[in-house]
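Welcome! Please take a moment with the sequence and the model below, and then we can walk through them together.

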Amino acid sequence: MPPTLYEWAGGDVAFRRLIDAFYDRVERDDLLGPLFPGGVTESHRAHVTLWWCEVFGGPARYTEELGGYERMLAHHRRLDLVPEQRFRFATLMSRAADDAGLPDDPEFRAAFVGYVEWGTRLALANSQTGAAVAEHAPVPRWGWGVAPPYQPG
C-alpha cells in the first residue's frame, strides 16, 4: 500500500507549516488579505490545518472536533468570492507548498494541485449568494489519483 498524501507530506507538522506559509502570504496579499481584517487568527490556522490533514488522509479530527463538511461550508457561504480570488488562493497555496518544504515530486504535487483546483472551484461556487449547495457531504479524502508515489525498486 502506498502511503497517504498526509504521510508522504510529513503529517501534522508539515501541514501546519503549509497553512502558516499560506496565511502569511494571504495577510500580505491585496486581493485575499481583506477577507481577514486584522489578520488570520491562530484558531483559524489550527482549524484549517485539521481540515487539510483530514482531506489528505490524516486523522478525521476536523470532522470529529469541528463539524466536518457542514462547518467548512458555513464558513464559505455568502462570501461572494470572485474568480480572481480563487486563482490567487490556488497560486498562493502552491507557493506556500514550496515555502513549507512539502515534497516536490511530480506525483505528490499533481495530487496536491488537483485538490487545490477542485476545492477552490467548489468554494467559489458555494460562496455565491443564493447558490444551490450540497448541504451535507463527507469531508473529501484525497488520494494519489492516477500517479501513485514514485518509489524506486
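The paragraphs that follow go from the overall fold to two helices and then to a few single residues.

Let us begin with the whole chain, keeping in mind that this is a predicted model. The protein contains seven helices and zero strands, and reading along the sequence gives the pattern α-α-α-α-α-α-α. Its radius of gyration is 15 Å, close to the 15 Å that the globule rule gives for 153 residues, so the protein is as compact as a globular protein of that length. If you turn the model along its principal axes, the C-alpha trace spans about 50 × 35 × 25 Å.

Next, look at the inside and the outside. Of the 153 residues, 41% count as buried. Among contacts with a separation of 6 or more, 77% are between residues 24 or more positions apart. On the outside, the protein exposes about 8,100 Å², and carbon and sulfur atoms supply 57% of that area. The protein carries 15 positive and 21 negative charges, and the mean positions of the two groups are 3 Å apart.

Now find helix H2, which covers residues 11-27. This helix has 17 residues and reaches 25 Å from its first C-alpha to its last, close to the 24 Å expected at 1.5 Å a residue. Several of its residues are buried, including Phe15, Leu18, Ile19, Phe22 and Val26. What covers the buried residues of H2? The cover includes helix H1 (5-9), helix H3 (42-55), helix H6 (83-99) and helix H7 (106-126).

That brings us to H7 itself. With 21 residues, H7 reaches 30 Å from its first C-alpha to its last, close to the 30 Å expected at 1.5 Å a residue. Its buried residues include Phe108, Phe112, Tyr115, Val116 and Leu124, and Glu107 and Arg109 are also among them. The cover over the buried residues of H7 includes H1, H2, H3, helix H5 (68-76) and H6. H2 and H7 therefore each appear in the other's cover, where cover rests on heavy atoms within 4.5 Å.

From here we can zoom in on a pair of residues in contact. Tyr6 is found in helix H1. Is Tyr6 buried or exposed? Tyr6 is buried, because its relative accessible area is 13%, and buried means under 20%. Leaving aside neighbours within four places in sequence, Tyr6 is in contact with Gly11, Asp12, Phe15, Cys53, Phe56, Gly57, Gly58 and Pro59. Tyr6 and Gly143 are 137 residues apart in sequence, yet 9.3 Å apart in space, C-alpha to C-alpha.

Pro59, one of those partners, lies in the loop between H3 and helix H4 (61-66). Pro59 counts as partly exposed, because its relative accessibility is 33%. Not counting residues up to four places away in sequence, Pro59 touches Tyr6 and Glu54. Pro59 and Arg141 are 82 residues apart in sequence and 11 Å apart in space, C-alpha to C-alpha.

Finally, move to the loop between H5 and H6, where Arg78 lies; Asp80 has its place in this loop too. Most residues other than glycine have a negative phi. Arg78, although not a glycine, has a positive phi of about 60°, and Asp80, also not a glycine, has a positive phi of about 50°. Arg78 is exposed, with a relative accessible area of 56%, whereas Asp80 counts as partly exposed at 36% relative accessibility.

Conventions: Residues are numbered from 1 along each chain as its sequence is written. This is a predicted model: local features need pLDDT of at least 70, side-chain atom pairs count only at pLDDT 80 or more; totals for chains, interfaces and linings use all residues. Side-chain values use heavy atoms; hydrogens and water are left out. Helices (H or I, at least four residues) and strands (E, at least two) are DSSP runs, numbered from the N terminus. The radius of gyration is taken over C-alpha atoms; the globule rule is 2.2 Å times the number of residues to the power 0.38. Buried means under 20% relative accessible area, exposed over 50%, partly exposed in between (1.4 Å probe, protein chains only). Accessible areas come from the Shrake-Rupley method with a 1.4 Å probe; for residues, only the protein chains shown count as cover. Lys and Arg count as positive and Asp and Glu as negative; His and the chain ends are not counted. The place of a charge is taken as NZ of Lys, CZ of Arg, CG of Asp or CD of Glu. The expected span of a helix is 1.5 Å times one less than its number of residues.
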